[in-house]
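Open the model in your viewer and keep the selection tool at hand. The stops below say what to select and what to look for there.

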Amino acid sequence: MLSQISEFAVNHPLLVGAFAVLLALTFANEMKIATQRFASLTPFAAVQLLNNDDEDVVVLDVREPSETAGGKIARAVQIPVGSISQRIGELEKYRNRTLLVYCKTGARSSAACRELGKHGFEKVFSLNGGMLAWQEAHLPVSKK
């Protein structure tokens, strides 16, 4: 059996190389997820968090101002993801509170959560699927 594997590897180096690269990328992605300091929440889990009287939740919208014209989650603080590190002082007053971070699809909110973690924020959650998932779940959107 080992000789057949060796023969296959010799005859198909591109396939073996592609497999090795995919295996390495999958491992790296799983390690990244396992070591992140924040959790992702579905829209309904986020609503439960927001409705929990024991939690003092601050909603942080990290989209660009031009993206918020269609609405946002009520009472959300808006700081674009690219400005988080420069404007961290504005978030200091929320350090001991729970932060629910969202963007359009969830990708930028994950980056913002990692940045907040670097600055010592511990109770940070990313809205999985972002504003698109929130709206798809028919949850309320504020135009203010």
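Start with a pair of residues: select Val59 and Leu100, which are bridge partners, Leu100 being the one in S4. The model is predicted.

**The strands around S2**

Widen the selection to S2 and S4. The two strands pair in the parallel sense, over 5 bridges. Now add strand S3, residues 77-78; S2 pairs with S3 too, in the parallel sense and over 2 bridges. At this pairing, Gln78 in S3 stands opposite Asp61.

Is S2 largely enclosed by the rest of the structure, or open to the outside? Of its 5 residues, 5 are buried, so S2 is largely enclosed by the rest of the structure. In a regular strand, side chains alternate between the two faces of the sheet. To see this in S2, colour Val57, Val59 and Asp61 one way, and Val58 and Leu60 another: the two sets lie on opposite sides, and all are buried.

**Two nonpolar cores**

Nonpolar side chains tend to be buried together in soluble globular proteins. For the largest nonpolar core here, which has 17 residues, select Leu60, Ile84, Leu91, Leu99, Val101, Leu116 and Val124, the members with the most contacts inside it. Two or more residues of this core come from each of S2, helix H4 (88-91), S4 and H5. Which element gives the most? H5 does, with 3 residues.

Stay on Ile84 for a moment. Leaving aside neighbours within four places in sequence, Ile84 is in contact with Leu60, Val62, Ile79, Leu91, Ala112, Glu115 and Leu116.

Then select Leu49, Val59, Leu100 and Leu139. These are among the 14 residues of a second, separate core. Val59 and Leu100 are the bridge partners from the start of the tour.

**Helix H3, seen down its axis**

Next, select helix H3, residues 43-51, and pick out Pro43, Ala46 and Leu49, its buried residues. Turn the view until you look down the axis of H3: the buried residues fall within an arc of 115°, so they line one face of the helix. The general pattern is that an α-helix has 3.6 residues a turn, so residues three or four places apart point the same way. On the face of H3 turned away from the buried side are the exposed residues Phe44, Gln48 and Asn51.

What covers the buried residues of H3? The cover includes strand S1 (39-41), strand S2 (57-61), S4, strand S5 (124-127) and H6.

**Two serines**

Move to Ser110, in helix H5. Its relative accessibility is 17%; because buried means under 20%, Ser110 counts as buried. Beyond its neighbours within four places in sequence, Ser110 is in contact with Phe38 and Ser126.

The other serine to select is Ser142, in the segment after helix H6 (130-136). Ser142 is buried as well, with a relative accessible area of 18%. Its contacts, apart from neighbours within four places in sequence, are Gly71, Lys72 and Ala74.

**Lys104 in its loop**

Select Lys104, in the loop between strand S4 (98-102) and helix H5 (107-118). Lys104 is partly exposed, with a relative accessible area of 42%. Show the residues it touches, not counting those up to four places away in sequence: Arg63, Glu67, Gly129, Gly130, Met131 and Leu132. Leu132 is 28 residues from Lys104 along the chain, yet their C-alpha atoms are separated by 5.9 Å.

**A charge over a ring**

Select Arg95 and Phe121. Arg95 lies over the face of Phe121, at 4.5 Å from the ring centre. As for rings paired with other rings, the structure holds 0 aromatic pairs.

**Two positive phi values**

Most residues other than glycine have a negative phi. Two residues to select here have a positive one. Arg75, which is not a glycine, has a positive phi of about 65°. Arg75 is in the loop between S2 and S3, and counts as exposed at 75% relative accessibility.

Finish at His138, in the segment after H6. The phi of His138 is near 60°, also positive in a residue other than glycine. His138 is exposed, with a relative accessible area of 72%.

Conventions. Residues are numbered from 1 along each chain as its sequence is written. This is a predicted model: local features need pLDDT of at least 70, side-chain atom pairs count only at pLDDT 80 or more; totals for chains, interfaces and linings use all residues. Side-chain values use heavy atoms; hydrogens and water are left out. Helices (H or I, at least four residues) and strands (E, at least two) are DSSP runs, numbered from the N terminus. Buried means under 20% relative accessible area, exposed over 50%, partly exposed in between (1.4 Å probe, protein chains only). Contact means heavy atoms within 4.5 Å. Rings of Phe, Tyr and Trp (its six-membered ring) pair if their centres lie within 6.5 Å; planes under 30 degrees apart count as stacked, over 60 as edge-to-face and the rest as tilted. A charge sits over a ring if NZ of Lys or CZ of Arg is within 6 Å of the ring centre and within 35 degrees of the ring normal. The arc is that of the directions from the helix axis to the C-beta atoms. Two strands pair if DSSP finds at least two bridges between them. A nonpolar core is a set of buried Ala, Val, Leu, Ile, Met, Phe, Trp, Tyr and Cys residues joined through side-chain atoms within 4.5 Å.
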